[in-house]
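Please open the model in your viewer, with the sequence panel beside it, and keep a selection tool ready. The tour below moves from a single side chain outward to the helices, the core and the cysteines.

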Amino acid sequence: MSPRVRIDATSRMPIGPVPWDTPVREAPARSPYVELTARSNFSFLRGASSPESLLKTARDLGHDTLAVTDCDGLYGMVRAHEEAKKQGVRLIVGCELTVGSEAPYGSLVLLVENHAGYTNLCRILTETHRLHPKGQARHEEEDLPRNTY
C-alpha cells in the first residue's frame with residue numbers, strides 16, 4: 001500500500017505523507033435545524049457576514065437549508081443564490097420587514113414559498129420603499145393581509 005498524501009488546503013498541493021492513524025475529516029452529519037433569520041452584511045449595522053460566508057458556514061455545520069432575511073430588502077439574494085448553488089444548500093428567500101408607524105418599531109420575517117410569494121414580497125417592498133424616504137421604510141400592519149396568505 002502506498003502512504004496517504006496530505007494536501008495543503010490553500011494550494012491543493014501534496015506536502016508529504018500522512019500516517020495511517022491520522023483521522024480523515026468526513027462530511028458533517030445533516031442537521032435537523034434550519035436558521036430562518038440569517039442576516040447578511042447587506043443589513044447594515046445588523047448583519048456582519050457576507051451571503052457567501054453564511055452559506056459556506058451553513059454547509060460546514062451540516063445544514064442543508066438556510067433562510068437569508070435581510071432587513072427591508074432582498075439586497076443579498078443574488079449572491080446568496082449563486083453561493084447556495086455552489087455549496088449545495090437550499091436557500092429560502094426572505095426579508096425582515098420593519099412594521100409600525102411609531103417607535104418602537106416591530107419586525108416581521110416574511111419567507112417566500114413559491115413564485116407567487118416572491119412576487120408578493122417584491123410588491124410589498126416596492127410599495128414600502130416608494131412611500132417612505134430612503135432608510136426609513138416602514139410598513140403598516142393593515143396592508144400586509146392583502147399581499148400575504
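Begin by selecting Q87, which is found in helix α2 of what is a predicted model. Is Q87 buried or exposed? Its relative accessibility is 14%, and Q87 therefore counts as buried, the cut-off being under 20%. Now show its side chain together with that of R59, since the two side chains make a polar contact at 2.2 Å. If residues up to four places away in sequence are set aside, Q87 touches L55, K56 and R59.

**Helix α2**

Next, extend the selection to the whole of α2, residues 77-87, where Q87 is joined by M77, A80, E83 and A84 as buried residues. These buried residues lie on the same side of α2, because the arc they cover around the axis is only 130 degrees. The general geometry of such a helix helps here: with 3.6 residues a turn, residues three or four places apart point the same way. Turn the view to the face directed away from this buried side, and you will find the exposed residues V78, K85 and K86. What, then, covers the buried residues of α2? The cover includes α1 (51-60), β4 (65-71) and β5 (90-99). Before leaving, step just past the end of α2 to G88, which takes a positive phi of about 75 degrees.

**Helix α1**

Select α1 now, and colour P51, L54, L55 and A58, which are buried. Looking down the axis of α1, you should see these buried residues fall within an arc of 90 degrees, so that they line one face of the helix. Their cover includes β3 (35-38) and β4, and also α2, the helix visited before. After α1 comes G62, and the phi of G62 is positive as well, near 90 degrees.

**Two loop residues**

Move to S49, placed in the loop between β3 and α1, where the residue is partly exposed, with a relative accessible area of 30%. R39 is ten residues away from S49 in sequence, and the C-alpha to C-alpha distance between them is 7.8 Å. Leaving out residues up to four places away in sequence, S49 touches R39, S40, N41 and L54, the last of which is one of the buried residues of α1.

From there go to D72, in the loop between β4 and α2. Most residues other than glycine have a negative phi. D72, although not a glycine, has a positive phi of about 55 degrees. D72 is also buried, with a relative accessible area of 11%.

**The nonpolar core**

Which residues of the largest nonpolar core touch the most other members? Select L66, L74, L91 and L121, which hold that place among its 21 residues. At least two residues of this core are supplied by each of α1, β4, α2, β5 and α3 (115-131), and β5 gives the largest share, with four residues. Centre the view on L91 to inspect its surroundings: apart from residues up to four places away in sequence, L91 touches L66 and V68, together with M77, A80, H81 and A84. Of these, M77, A80 and A84 are among the buried residues of α2.

**The cysteines**

Select the cysteine sulfurs next; how many disulfides does the structure hold? There are zero. The sulfur of C71 has its closest cysteine sulfur in C95, at 7.6 Å, which is too far for a bond. For C122 the closest cysteine sulfur is again in C95, at 9.6 Å, and this too is too far for a bond. C71 counts as buried at 12% relative accessibility, whereas C122 is partly exposed, with a relative accessible area of 24%.

**The whole chain**

Finally, zoom out and show the chain as a cartoon, with its three helices and six strands. Traced from the N terminus on, the elements run β-β-β-α-β-α-β-β-α. Of the 149 residues in the chain, 35% are buried. Among contacts between residues at least 6 apart in sequence, 55% join residues at least 24 apart. Colouring by confidence makes a careful last step: the mean pLDDT of the chain is 80, and 77% of its residues reach 70 or more. Over residues 5-14, however, the pLDDT is below 50, and this stretch has 15 contacts in the model beyond near neighbours in sequence.

Terms used. Residues numbered from 1 in each chain as written. Heavy atoms only, no water. Disulfide = S-S within 2.5 Å. Buried < 20%, exposed > 50% of the residue type's maximum accessible area, 1.4 Å probe, protein only. Arc of directions from axis to C-beta. Contact = heavy atoms within 4.5 Å. Polar contact = N/O pair within 3.5 Å; in protein donor to acceptor, adjacent residues only side chain to side chain. pLDDT = per-residue confidence, 0-100. Core = buried A, V, L, I, M, F, W, Y, C linked by side-chain atoms within 4.5 Å.
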